[in-house]
Amino acid sequence: MVRLVLGIETSCDETGAAVMDETGVILGESLHSQKEVHLKTGGIIPTIAQQLHRENIGRVVQEAMERSSISPSQLSAVATTVKPGLALCLGIGLDFSLSFVKKHQKPFIPIHHMEAHALTVRMLQPVVFPFLVLLVSGGHSLLALARGIDDFLLLGQTLDEAPGDAMDKVARRLSLIKHPKCSTISGGQAIELLAQDGDRLKFHFRPPMGAHYDCNFSFAGLRNQVKMTIQKKEAEEGVEPGTLLSCVNDIAAAMQHTVAFHIAKRTHRAILFCKAQGLLPSFNPTLVVSGGVASNQYIRKTLKIVTDATGLDLLCPPSKLCTDNGVMIAWNGVERLREGKGILSYTDVVHYEPKAPLGVDITAEVEAAAIKLPPLKLKIMD
Ligand code: KG4
Ligand code: ZN
């Protein structure tokens with residue numbers, strides 16, 4: 001009998017559920033995205049996100065179950081994101097799941113959202129441990145070495161905000177929602193779209209943390225630089241904040257380039273650190289890139305220059321699986337079920353954790369190694 005797992009995700013702004021068999025075949029899935037609502041309010045308001053999860057979770061889980069044509073009694077386990085994420089949102093998914101497993105007498109598998117992002121790629125192809133992971137989205141920015149399904153080394157993370165968040169804030173400052181091409185897409189997508197017709201050399205933004213030889217990220221300073229440039233341009237053009245500037249394409253191109261450059265430099269250093277420490281396999285060493293920002297083609301191309309220069313394979317799951325969804329949670333449940341790790345039959349002690357680091361934090365060791373990068377031209381031709 002093939003075992004089946006129901007996966008449930010509510011940690012941020014997507015209510016997702018999926019039923020998967022233990023070979024990784026998706027039998028049914030459903031996803032309710034809150035992104036359009038949050039786009040209108042100019043960012044995620046946790047109480048609104050919580051309310052939307054509450055309104056949708058029952059239907060989303062039911063849809064995933066119906067599409068898979070299985071009944072709850074056929075499930076081997078329920079896997080749900082319990083960390084990290086927005087407290088109010090995690091609470092909805094956890095409460096729902098705990099009453100579901102109680103009612104149907106099923107084991108429960110608590111899932112770490114970042115571990116799930118990191119392992120999603122293994123659902124699609126047999127990527128063996130250890131491999132390097134870069135997670136970049138609206139809420140995450142980190143580099144880690146995946147050594148096993150519950151064994152990670154954290155090499156670097158953001159000291160302030162995530163790249164998607166910085167691009168979303170700049171897009172809002174530029175009022176891109178008023179741009180005919182950008183009214184329904186995320187800030188990051190808008191920046192990528194506008195950058196295609198922009199000249200990045202028209203503006204220069206200082207890449208963050210150039211004098212820090214570690215793998216941490218910072219995007220708040222860059223976001224401020226861009227905002228100061230916008231303010232200056234508004235004054236020059238004599239327009240009020242909120243008016244679409246004539247140079248939005250160039251600003252988008254310059255910001256996108258600096259974000260890509262910063263991410264690429266930190267990733268390059270992480271690769272060299274892992275190689276120096278013998279942490280990567282000599283056969284087919286791999287960099288997996290995931291998260292909403294990973295769908296940015298300019299950033300991918302910049303990363304490809306780094307992986308080509310260092311001899312790594314670059315793997316990005318399709319966009320649909322890079323962003324939050326129930327499938328990646330079900331897959332993490334399957335991986336745990338197969339290895340018999342973290343499967344609970346007693347759930348009274350389960351709590352959600354809004355903050356939860358990914359694996360063992362070795363960022364200080366990476367910083368102490370102070371690896372200087374060899375020259376590498378990060379120039380995208382087209
Ligand atoms: O993974 P995701 O759906 O949600 C979380 O943040 O967890 O990622 C959404 C983020 C948003 O900040 C959005 O602006 C950014 O990813 N994003 C992009 C692109 N598509 C989405 N950033 C840059 N380029 C893109 N094409
Ligand atoms: Zn996520």
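Me: A polar contact is a pair of N or O atoms within 3.5 Å (within protein, one must be able to donate a hydrogen and the other to accept it, and residues adjacent in sequence count only if both atoms are side-chain atoms). With that in mind, which backbone N or O atom lies 3.1 Å from an oxygen atom of ligand 1?

Reply: That backbone atom belongs to G139, while polar side-chain atoms of S137 and D168 lie 3.3 Å and 2.6 Å, respectively, from an oxygen atom of ligand 1. The protein covers 93% of the 550 Å² of accessible area that ligand 1 has on its own, with areas taken from the Shrake-Rupley method and a 1.4 Å probe. This is a predicted model, in which local features need pLDDT of at least 70 and side-chain atom pairs pLDDT 80 or more, whereas totals for chains, interfaces and linings use all residues. Residues are numbered from 1 along each chain as its sequence is written, chains are lettered from A and ligands numbered from 1 in the order in which they are written, and side-chain values use heavy atoms, with hydrogens and water left out.

Me: How many residues surround ligand 1, and which are the closest?

Reply: There are 21 residues around ligand 1, the closest being G138, D168, G188, E192 and N296, where a residue counts if one of its heavy atoms lies within 4 Å. Helix 6 (163-173) and helix 7 (187-195) each contribute at least two residues to this shell; helices (H or I, at least four residues) and strands (E, at least two) are DSSP runs numbered from the N terminus.

Me: Where is the place of N296, and which side chain does the side chain of N296 contact?

Reply: N296 sits in the loop between strand 9 (286-290) and helix 10 (297-310), and its side chain makes a polar contact of 2.9 Å with that of Q256. Because its relative accessibility is 4%, N296 counts as buried (under 20%; exposed is over 50% and partly exposed in between, with protein chains only and a 1.4 Å probe).

Me: Which residues are the protein donors of the zinc ion (ligand 2)?

Reply: Donors are N, O and S atoms within 2.8 Å of the metal (3.2 Å for Na, K and Ca), and water is not among the atoms, so sites may look incomplete. Here the zinc ion (ligand 2) has H113 (NE2), H117 (NE2), H140 (NE2) and D324 (OD) as protein donors, lying 2.1 to 2.5 Å from it, and in sequence these donor residues are spaced H-x3-H-x22-H-x183-D. H113 and H117 both lie in helix 4 (residues 113-119), four residues apart, about one turn of the helix, and both are buried.

Me: Why is the arrangement of the four donor atoms around the zinc ion irregular?

Reply: The donor atoms subtend angles of 88 to 166°, which makes the arrangement irregular; four donors are tetrahedral if all angles lie between 85 and 135 degrees, and square planar (as six are octahedral) if opposite donors are over 155 degrees apart and all others between 65 and 115, anything else being irregular.

Me: What should I look for in the backbone?

Reply: Most residues other than glycine have a negative phi, and most peptide bonds are trans. In this model a cis peptide bond joins K83 and P84, with omega about -25°, P84 being in the loop between strand 4 (77-83) and helix 3 (87-104). Another cis peptide bond joins F129 and P130, with omega about -5°, and P130 lies in the loop between helix 5 (121-124) and strand 6 (131-136). S175, in the loop between helix 6 and helix 7, has a positive phi near 55°.
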